[in-house]
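Here is a short briefing for a reader who is new to this structure. Please look over the sequence and the model before going on.

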Amino acid sequence: MSRRRNLLVGLALVAACWEAAGRLAGPSFAPISAVLLATLDLYLSGRILEPLASSLVRFALGYLLAVAVGVPVGALMGFSPTADAALDTYVHVFFVTSVASLLPFLILVAGTGLGFYVAVVFLFAVFHVVLTVRTGVQQVDDALVDTGRVFGAEGVALYRHVLVPAALPVVVAALRIGANRAVKGMVVAELWIYAGFGSLLHSYQRYSQIDYALAVVLTIALLAVGVTQALAWVERRYAWTTVEVPT
Amino acid sequence: MLSARDVRKVYDDVVALDGVSLTVDDREFVAVVGPSGCGKTTLLRLFAGLESPTAGEVLVDGDPVAGPGPERAMVFQSFNLFPWRSVLGNVAFGLEMARVPEDEREERAREWVHTVGLDGFEDARPAELSGGMRQRVGLARALAVDPDVLLMDEPFGALDAQTRAVLQRELLDLWADERKTILFVTHDIEEALLLADRVLVLGRDPNRVERTVEVPFERPRVERDVDTTEEFARLRREIWDVLRANQPTPTA
Amino acid sequence: MTALSPRRRWALRTLSVLVILAAWELYARLPGVFLLAPPTAVLGVLVTDLAVERTLLWALLSALRNAVAGYALAVGVGVPLGALVALWQPARDVLDPILDALHATPLVALAPVILIWFGLTSAAKVFLVFVFAVFVVTINTRAGVANVPSGLTDAARVFGAGAPTLYGEVYLRYALPQVLTGLRLGAGRAVRGMVAAELFLFADDLGAYLIDSGATFDIARLFAGVASLSVLGVLAVGAIALVEARLT
């Protein structure tokens, strides 16, 4: 297919430019060949493994917490106008707050251990999850609800057979968006209190090892894209429709 | 004068037209009917110059069609008005592209807005208008450029039955004044018989002209006098039979 | 799921905010509570640092310069790039996956790399802001231009529109709302990029304001900084939203 050919040709061109730029630009840039070699070295020597593992743990804990809190809260706000009115202001205030600006505060509260990282990841992800779920639940078509009630579904049955299935696609979308945010939070936290990827990046930056630094960035990018795509796959497979949510 | 000679149009794997030949004489009103997927819109787009044939020739006055242009103006099923322009702005669009000076342009556009019965709506946006009104703008836009040929792609297909009837009447009245060459695509047999001099029935598999029906009714056509005649019913049946023979059969 | 009347809703929201503010105020005043500053103290600091001594104000304005430069760059690159990707199939095939991938990546990870590239310069901060904002601008522009219905371009061509009208009017006017959405979202991203630059590249006045407040346990000042940044973000997005409202 010519589209795939375009992609390959284009990527080859990009790689060629990168290689040329890297060789011409001197010590502060690295050609793609050097970055790929560095990546290979990081994996073969195993040096990336410990940071990767510890980063994933921080990510997972914060993310799961964000989902465990965010989905119910979002659903509650979606189903209950009272809860929505009460909580809405806070969610929006936190949504527009730069979590990064809270880092100096979070150190004081959570220390510099695992709790800090989990808190940052949690805060990065949870408000997006809440708002996505809330919007999705609110947008469940009234016509569906009416139809359910016409055929005798009320109370718990209504939730089980109409509201929950109808809102499912948006919950899955929220999981995807939350995961992406959680990865970002993980990197932010690890660059503030050096750990995992953050500490690798920091040490490579200190010694101006641009090729290794870019190799770590590449790994992070692959991780972020991989997680997002995996959840997008789940979304396509199991959600009966896909949802576009403004980011 | 329009003519198509043995025209084939293929998209990827889909054969939209397979050996279509037809002519439309000057000042003739020809309707093309056919089931969905028979390529009637494609045929129109070829004459409009929006696409080119895979094989065969599409000619206007003996010359092959080279591209779109206002001399073959088009009226679209989904209206295709520019939402950011007012009614007047839409009607004047073709004149603007032709670099007609502003005063003349505005005058001509206003005349056509009046002719299609939209006085007072010159400054309205398409979003504020009903479907029928929007198509009147579409008609005005097409007629304002004084085209040689009018290409109409199921222009009333998106309208409700009453509005459709009204606009059919108006089209007949407009056409009575200046008989332009019209190629009119529709899936509505009765509409075709009411409006046209000749009806071409396009079949499927292969996609080509299956039947040509001469419409004998005299002009000016009055619906009530025309569509209650036996002749009308007979022609309608004839066309319907051709179409039915060409319907894709559901696979068991 | 019956909706509340607007008045009830407003009342509930106000009540909820007041209750939390009151609880916060009371709790923060308790002896032995160091990690929370009462809202009144935060307000006091805000007034002092924004209006009276203006330390925070100057810090914000100074950091804002980098943000504006980075944002302008993001718009200047992002809008044409988005249009190109939308209109040219080969560009779309190559750049769509790359743009989507970069949009999903934690761009903060680039901060150490940017330091290597640019050193401790303003250019580094401008570049980081640019990187934060450009993808959202590009992707939205692309969506807007790609969504122009073929019926409209057909009509334009039939009635004699040349390239200037086709692109300068039809594509531009139709895509404008979506492009502006991208600009609005980009403004929010630019502010976040600005904060990231202060914290992860090197701290100027704004970064120092936040970091020093944390180091000296000056919670009220810390909250003041966070709050003013939130307000700044809202204002930046609001400014573009105003332009959006005017133009659509």
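The points below cover confidence, two interfaces and some strand pairing.

This is a predicted model. It scores ipTM 0.91 and pTM 0.87. Chain C touches chain A, and chain C also touches chain B.

**Confidence**

- Chain C has a mean pLDDT of 94. In that chain, 99% of residues reach 70 or more.
- As a general caution, predicted coordinates should not be read in detail where pLDDT is low.

**Chain A against chain C: area**

- Chain A brings 55 residues to this contact, and chain C brings 48 residues.
- Together the two chains bury about 4,400 Å². Carbon and sulfur atoms account for 73% of that area.
- Which three residues of chain A supply more of its buried area than any other three? They are A:Y90, A:F105 and A:L108, with 13% of the area that chain A buries against chain C.

**Chain A against chain C: polar links and make-up**

- The interface of chain A and chain C holds 4 salt bridges.
- C:R13 makes a salt bridge with A:D88. The closest N and O atoms of C:R13 and A:D88 are 3.0 Å apart.
- Chain A and chain C also share 12 residue pairs in polar contact, with both residues at pLDDT 80 or more.
- Several helices of chain A give two or more residues to the side that touches chain C. Among them are α1 (2–24), α3 (49–79), α4 (81–96) and α5 (103–110) of chain A. The list also includes α8 (155–192), α9 (196–206) and α10 (210–238) of chain A.
- The largest share of this side comes from α4(A), which gives 10 residues.
- By class, the side of chain A that touches chain C has 34 nonpolar residues, 15 polar residues and 6 charged residues.

**Chain B against chain C: area**

- Here 22 residues of chain B are in contact with 15 residues of chain C.
- Chain B and chain C bury about 1,600 Å² between them. Carbon and sulfur atoms give 69% of that area.
- Which residues of chain B lose the most area to chain C? They are B:L50, B:W84 and B:M97, together 36% of what the chain B side buries.

**Chain B against chain C: polar links and make-up**

- Between chain B and chain C there are 2 salt bridges.
- C:D154 forms a salt bridge with B:R45. The closest N and O atoms of that pair lie 2.7 Å apart.
- Across the interface of chain B and chain C, 4 residue pairs are in polar contact, both residues being at pLDDT 80 or more.
- Three elements of chain B, β6 (72–75), α3 (93–97) and α5 (131–144), each supply at least two residues of the side that touches chain C.
- That side of chain B divides into 14 nonpolar, 4 polar and 4 charged residues.

**Strand pairing in chain B**

- Strand β1 (residues 2–11) and strand β2 (residues 14–24) of chain B run antiparallel, joined by 8 bridges.
- B:Y11 stands opposite B:V14 in β2(B).
- β1(B) and β2(B) form a hairpin with 2 residues between them. In the turn, B:D12 has a positive phi of about 45°.
- β1(B) also pairs with strand β4 (residues 55–60) of chain B. These strands run antiparallel, and 5 bridges join them.
- B:R8 has B:A55 in β4(B) as its bridge partner.

Notes
Residues numbered from 1 in each chain as written. Chains lettered and ligands numbered in written order. Predicted model: local features only at pLDDT ≥ 70, side-chain atom pairs only at ≥ 80, totals over all residues. Heavy atoms only, no water. pLDDT = per-residue confidence, 0-100. Contact = heavy atoms within 4.5 Å. Buried area = accessible area lost by both parts, 1.4 Å probe. Salt bridge = Lys/Arg side-chain N within 4 Å of Asp/Glu carboxyl O. Polar contact = N/O pair within 3.5 Å; in protein donor to acceptor, adjacent residues only side chain to side chain. Helix = DSSP H or I, 4+ residues; strand = E, 2+ residues; numbered from the N terminus. Nonpolar A, V, L, I, M, F, W, Y, C, P; charged D, E, K, R; others polar. Pairing = 2+ DSSP bridges.
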